[in-house]
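Colleague: I am new to this model. Please take one part of it, the surroundings of the bound ligands and the helices beside them, and walk me through it closely.

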Amino acid sequence: MPTLTLAGKEFDVDEDGFIQDATKWDDSIATALAEQEGIKVLTDEHWKVIRYLRDYFQKFGSAPMIRKVTKDTGLPLKRIYELFPTGPAKGACKLAGLPKPTGCI
Amino acid sequence: MKAPPLCPNIAANVHAHRAKKEYLEPLGLPAERPADWRAKALDKFRELLHERRSLSLYMDVCVRCGACADKCPFFLGTGDPNNMPVARAELFRKVYRRYFTAAGKLAGRLATAEDLTDDVLDQWFTYFYQCSECRRCAVFCPFGVDTAEITMAAREIMASIGVAPKYTTEVIRKANEIGNNLGIPLAAWKDSAEFLEQELKEQTGKDIKMPVDQEGAEVLLVPPSADMFANADTMMGYAKLFYAVGVNWTTSTYASEAGNFGLFLNYEQLQKINRRIVDAARNLRVKRLIIGECGHAWRAAQAFTDTLNGPLHFLQKPCPEHICEFAARLIRGGWLKLDKSANDGVTVTYHDPCNLARGGGLIDEPREILRAVVNDFREMPADTIREKTFCCGGGGGLLTEELMQTRMNGAKPRVEAFRTTGADLLATPCAICKAQFPEVFKHYGVDARVVGVMDLLAKAIVI
Ligand code: SF4
Ligand code: SF4
């Protein structure tokens, strides 16, 4: 399994750079991963999405439905794509330390 | 689309990620390639030739006329000769000739036969995962050779020796362990359903239900789980349709996936995943089974449910029924009050998902629905629609990041056809197509949106 050094710590990541153990995540990981995703600075809006995803994942064990993310954060999908260029299910989940959602999406 | 110039091996370096132990073992596949892998692979080969008469027929009837060569979207998009259906099949046939024909056994290479070597296996893994099992080639072959069947056999043989993509095996594992491809657990499924009920309330002012695990409902609707994650409008569309005609329905958290990635790997998993749907229908004591907007789901459910997991005597016919058949039936019968003008302001065209049009005989119903709910509906050119439809480029287990180049190449003929319509909305009843097209449009600089057929129907339904 590939590893990645983020914020001075080693992580197992999958082929697409998603960290494998969601429990090892903290804010510094999101900041370190942001660069990879081509995001220069994490703004309040970014953090709003990241925290929302984290909370949902901790409560339900999966990433939330995309419509729910837009509704509950108050950020339209277009804005989420501006914040996370690869989208809510890829870039945003990656930064939030969630496993990569895969399937027919 | 005009045939591209030949570019030998241009696609040779695009591969799927290989599955490791953690994805292979749960599917009962060897965690690594066994020492006697060649013998094992050939045993499997023999078994499939024996079990699937069509496969052994396809081995011998091809006359290499080349009629299929320029019909494959992945050849048209890459120019790689190995992506011509006849050449793709040849990667398989040369091994067949070597081990299963008298001439090949005696004369080997002279009889254009080849040993199953590491290199051949690598070639298989590359090019049989650049085929989306779309079956377009079969429509044009004068002998009916279906290269998708050959692809399926090659993948099944590879899987039997532990050579499989991470994407497919990971998804199947989730379908087996959690009940759906996305791995949405029960609590999240319920939470999402409740959320969509609130959305429907806000949109319509009505208490439209999104029932979960409701025993004794009349209809079990099995959607692709992507509808409960990414395609909220499609999911709400089903609910609004059932509400409009007063049908009591439910989803199941045991079988919360219509898609069946077994089609992309092997029959064992195909049967196992399909079994969940039959068990859920029985346990929930429903009378009817309806499949949501998903292409390969329909192929798996329609072609295999009765043969692999039947008989389905306890369900009413037609069984299974596709949601587009159900909706078209209601429209024909005058059961729905529709206001077409709700979809004014957009130009709509329809993309036939391969597995609906070629794999499942579902061609007219989605059009009937669209003509009933959209004023400005246009078709793409005749040689690119209906049973001649072009793949979206992401079907057959290719919808994964690392195959993006293949996916974009394979989508090229479809995009060219789409452009001729001037449409700004592409409607298609398939979760894979819905996920693939936004990437395709971005890649080719097309300014258009992608929706489900239910999305447009629901907009027009007056309640
Ligand atoms: S069209 Fe049929 S017979 Fe002709 S080369 Fe293709 S598979 Fe062979
Ligand atoms: S099934 Fe489709 S992708 Fe596969 S070889 Fe035939 S045309 Fe090409």
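Modeller: What follows starts at the ligands and works outward through chain B.

First, the ground rules. This is a predicted model, in which local features need pLDDT of at least 70 and side-chain atom pairs count only at pLDDT 80 or more, while totals for chains, interfaces and linings use all residues. Residues are numbered from 1 along each chain as its sequence is written, chains are lettered from A and ligands numbered from 1 in the order in which they are written, and side-chain values use heavy atoms, with hydrogens and water left out.

Start with ligand 2. Its shell holds 14 residues. A residue is near a molecule or strand if one of its heavy atoms lies within 4 Å of it. The closest are B:Cys72, B:Cys131, B:Cys134, B:Arg135 and B:Cys137. Four elements of chain B give two or more residues each to this shell: helix 4 (73-78), helix 5 (85-100), helix 8 (136-140) and helix 9 (147-160). Helices here are DSSP runs (H or I, at least four residues), strands likewise (E, at least two), and both are numbered from the N terminus. By class, the shell around ligand 2 has eight nonpolar, two polar and four charged residues. In this scheme Ala, Val, Leu, Ile, Met, Phe, Trp, Tyr, Cys and Pro are nonpolar, Asp, Glu, Lys and Arg are charged, and the others, Gly among them, are polar.

Now ligand 1. Its surroundings include B:Cys62, B:Cys65, B:Cys68 and B:Cys141. B:Val63, B:Arg64, B:Gly66 and B:Ala67 are also there. So are B:Val86, B:Pro142, B:Phe143 and B:Val145. This shell has ten nonpolar, one polar and one charged residues.

B:Arg64 deserves a second look. Its phi is near 55 degrees, a positive value in a residue other than glycine. B:Arg64 sits in the loop between helix 3 (53-61) and helix 4 of chain B. With 49% relative accessibility, B:Arg64 counts as partly exposed. The cut-offs are under 20% relative accessible area for buried and over 50% for exposed, with partly exposed in between (1.4 Å probe, protein chains only).

Next, back to helix 9. B:Met152 lies in this helix of chain B. At 6% relative accessibility, B:Met152 is buried. Beyond its neighbours within four places in sequence, B:Met152 contacts B:Glu133, B:Arg135, B:Leu263, B:Leu265 and B:Tyr267. Contact means heavy atoms within 4.5 Å. B:Arg135 also appears among the closest residues to ligand 2.

Helix 2 (residues 37-51) of chain B holds B:Lys44. B:Lys44 is buried, at 17% relative accessible area. Past the four nearest places in sequence, B:Lys44 meets B:Glu156, B:Ile157 and B:Ser160.

Helix 5 leads into the core. The largest nonpolar core has 197 residues. Such a core is a set of buried Ala, Val, Leu, Ile, Met, Phe, Trp, Tyr and Cys residues joined through side-chain atoms within 4.5 Å. Helix 5 of chain B gives the most to this core, with nine residues. B:Phe92, B:Trp124, B:Met210, B:Leu241, B:Phe242 and B:Leu457 touch the most other members. Not counting residues up to four places away in sequence, the contacts of B:Phe92 include B:Phe45, B:Leu55, B:Met59, B:Trp124 and B:Phe128. B:Ile150, B:Ala153, B:Ala154 and B:Ile157 are also touched by B:Phe92.

Further along, two helices pack together. Helix 11 (residues 186-204) and helix 12 (residues 232-245) of chain B pack at an angle of about 75 degrees, with their axes 10 Å apart. That makes helix 11 of chain B roughly perpendicular to helix 12 of chain B. Angles of 65 to 115 degrees count as roughly perpendicular. Axes are lines fitted to C-alpha atoms, for helices over the stretch in contact, and angles run from 0 to 180 degrees between N-to-C directions. On the helix 11 side are B:Leu196, B:Glu199, B:Leu200, B:Gln203 and B:Thr204. They meet B:Ala232, B:Met235, B:Met236, B:Ala239 and B:Lys240 of helix 12. The residues of this contact divide into six nonpolar, two polar and two charged.

Last, a residue with a link to the other chain. B:His296 is found in helix 14 of chain B. B:His296 is buried, with a relative accessible area of 2%. Residues up to four places away aside, B:His296 touches A:Cys104, and its contacts also include B:Leu263 and B:Asn355.

Key:
Angles under 35 degrees count as roughly parallel, over 145 as roughly antiparallel, 65 to 115 as roughly perpendicular and the rest as oblique.
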